[in-house]
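Work through the exercises below with the sequence and the structure open. Try each task before reading its solution.

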Amino acid sequence: MIGTGGPAAPGSEAAGGGDSGVPVFLGLGANLGDPLAQLARAVRALTVRFGDLRTSGVYRSRPEDGSRQPDYLNAAVRLTTLEPPDDV
């Protein structure tokens, strides 16, 4: 896991300051430099902005096009917000 946490508490910043929010699922991936550190930085930045998150484990996958490049590290994040999709 690259981060832990439970659902956003009602009224928290992660819930948009109200009593409810909309669940949002984001896919994260990196394959250059230090991918695990990049995923961890992304989760920290999302936590600062949205509060508590839920995160998946980290999974390794090969590039889809079969090109000669490093494997990807991938994860999913669930957050809760009242922000419109284009703002997330």
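**Exercise 1. Find the polar partner of the Thr80 side chain, then place Thr80 in this predicted model.**

Step 1. The Thr80 side chain makes a polar contact with the side chain of Arg78, at 3.4 Å.
Step 2. Thr80 lies in strand S4.
Step 3. Is Thr80 buried or exposed? Its relative accessible area is 11%. The cut-off for buried is under 20%, so Thr80 counts as buried.

**Exercise 2. Lay out the fold.**

Step 1. Count the elements: the protein chain has one helix and four strands.
Step 2. Put them in order. From the N terminus, they run β-α-β-β-β.
Step 3. Check the contacts between residues at least 6 apart in sequence. Of these, 64% join residues at least 24 apart.

**Exercise 3. Describe the largest nonpolar core.**

Step 1. List the members. The core has 10 residues: Val24, Leu28, Leu39, Val43, Leu46, Phe50, Leu53, Leu73, Val77 and Leu79.
Step 2. Assign them to elements. Strand S1 (22-30), helix H1 (35-50) and strand S4 (72-81) each give two or more residues. H1 gives the largest share, four residues.
Step 3. Take Val77. Beyond its neighbours within four places in sequence, its contacts include Val24, Leu28, Val43, Leu46 and Leu53. Phe25, Leu26, Arg54 and Thr55 are also among them.

**Exercise 4. Decide where to read the model with caution.**

Step 1. The average pLDDT of the protein chain is 84, and 78% of the residues score at least 70.
Step 2. Residues 4-17 fall below 50. This stretch still has 33 contacts in the model beyond near neighbours in sequence.
Step 3. Where pLDDT is low, predicted coordinates should not be read in detail.

Methods:
Residues are numbered from 1 along each chain as its sequence is written. This is a predicted model: local features need pLDDT of at least 70, side-chain atom pairs count only at pLDDT 80 or more; totals for chains, interfaces and linings use all residues. Side-chain values use heavy atoms; hydrogens and water are left out. A nonpolar core is a set of buried Ala, Val, Leu, Ile, Met, Phe, Trp, Tyr and Cys residues joined through side-chain atoms within 4.5 Å. Buried means under 20% relative accessible area, exposed over 50%, partly exposed in between (1.4 Å probe, protein chains only). Contact means heavy atoms within 4.5 Å. pLDDT is the predictor's confidence in each residue, from 0 to 100. A polar contact is a pair of N or O atoms within 3.5 Å; within protein, one must be able to donate a hydrogen and the other to accept it, and residues adjacent in sequence count only if both atoms are side-chain atoms.
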